[in-house]
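Below is a short report on a single chain, written for use alongside the coordinates. Salt bridges come before helix packing and local environments.

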Amino acid sequence: MGELKKLVEEGKIKYIGMSEASASTIRRAHAVHPITAVQLEWSLWSRDVEEEIVPTCRELGIGIVAYSPLGRGFFSSGPKLVESFTDGDYRKGLPRFRPENLEHNTQLFERVNEIAARKQCTSSQLALAWVHHQGDDVCPIPGTTKIKNFNQNVGALSVKLTPEEMAELESIASSDAVRGDRYGYGMLTFKDSDTPPLTSWKAV
């Protein structure tokens with residue numbers, strides 16, 4: 001972090017961001033130089049960041065970049081999404097898309113779809129609107145390769161949610177509503193990202 005601070009001071013970079021960092025790592029880094037933004041996975045089926053990381057970012061005035069706000073495409077197509085996975089698609093190995101978990105997770109998609117029908121929008125627009133409504137300090141970054149999907153994502157900006165609708169979505173997207181880890185074995189997340197304190201380092 002000290003080296004990145006030097007790059008800012010030398011005018012070689014303007015800002016410093018982090019991704020999948022734990023709350024303690026964010027605090028330690030921010031103490032060396034202000035962090036501009038933290039990238040994290042945040043969606044209706046990935047809400048564990050709300051426990052510590054989101055509050056930490058807000059306490060320190062750090063912007064939040066929410067990746068995979070559509071649950072890696074799950075809220076666009078539901079269980080049919082797995083039929084489009086090619087051999088090289090890494091999502092085939094994610095626990096939440098495995099058959100033993102997919103049937104359970106489909107219940108969440110169906111509930112979101114029901115609310116979307118009431119709102120006269122698509123399930124993906126509703127899921128994206130929920131992330132938009134988390135605050136002005138949150139910038140979701142849905143990925144897409146098709147103009148049709150891009151236009152749908154833009155349309156999510158027009159979906160307005162009342163506090164009651166936000167509460168309804170959050171009640172059906174509780175921690176036990178999703179089965180399976182975000183990543184598979186060997187793929188590290190913020191839960192594995194704590195760096196050891198400098199005092200514990202030993203020269204070799």
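Which side chains meet in a salt bridge at 3.0 Å, N to O? They are those of E20 and R182. A salt bridge here is a side-chain nitrogen of Lys or Arg within 4 Å of a carboxyl oxygen of Asp or Glu. E20 sits in the loop between strand 1 (17–19) and helix 2 (23–32), and R182 in the segment after helix 8 (163–172), so the pair ties together parts that are 162 residues apart in sequence. Helices (H or I, at least four residues) and strands (E, at least two) are DSSP runs, numbered from the N terminus.

The model is predicted: local features need pLDDT of at least 70 and side-chain atom pairs count only at pLDDT 80 or more, while totals for chains, interfaces and linings use all residues. Residues are numbered from 1 along each chain as its sequence is written, and side-chain values use heavy atoms, with hydrogens and water left out.

**Salt bridges**

The structure holds twelve salt bridges. Side chains of opposite charge can pair when their charged atoms come close. Among the twelve are the E20 and R182 pair, the E10 and K12 pair and the D87 and K92 pair.

| Pair | Closest N and O atoms |
|---|---|
| E10 and K12 | 3.2 Å |
| E20 and R182 | 3.0 Å |
| D87 and K92 | 3.7 Å |

Salt bridges that share partners join E20, E41, R72 and R182 into one network.

Accessibility is classed by relative accessible area: buried is under 20%, exposed is over 50%, and partly exposed is in between (1.4 Å probe, protein chains only). E20 is buried because its relative accessibility is 12%, and R182 is buried at 7%. In the E10 and K12 pair, E10 is partly exposed at 48%, whereas K12 is exposed at 60%. For the remaining pair in the table, D87 is exposed with a value of 77% and K92 is partly exposed with 44%.

**Helix packing**

How do helix 2 and helix 3 pack, and at what angle? Helix 2 and helix 3 (residues 53–60) pack at about 20 degrees, with their axes 9 Å apart. Axes are lines fitted to C-alpha atoms, for helices over the stretch in contact, and angles run from 0 to 180 degrees between N-to-C directions. The two helices are therefore roughly parallel, a label given to angles under 35 degrees. Helix 2 passes helix 3 in a right-handed crossing, where the near helix is turned clockwise from the far one by less than a right angle. A23, I26, R27 and H30 of helix 2 make the contact with I53, T56, C57, E59 and L60 of helix 3. Contact means heavy atoms within 4.5 Å.

**Two loop residues**

Is S43 buried or exposed? S43 is buried, with a relative accessible area of 0%. S43 belongs to the loop between strand 2 (37–41) and helix 3. Apart from neighbours within four places in sequence, S43 is in contact with S68, P69, G71, W130 and V131.

K80 is found in the loop between helix 4 (74–77) and helix 5 (99–119). The relative accessible area of K80 is 57%, so this residue counts as exposed. The C-alpha atoms of K80 and T106 are separated by 9.7 Å, and these residues are 26 apart along the chain.

**Annotated span**

An unreviewed UniProt entry annotates residues 1–172 as "domain: NADP-dependent oxidoreductase". UniProt annotations may be inferred rather than shown by experiment. Residues 1–172 are 47% helix and 10% strand, and the end C-alpha atoms of the span lie 39 Å apart.

Notes:
Angles under 35 degrees count as roughly parallel, over 145 as roughly antiparallel, 65 to 115 as roughly perpendicular and the rest as oblique.
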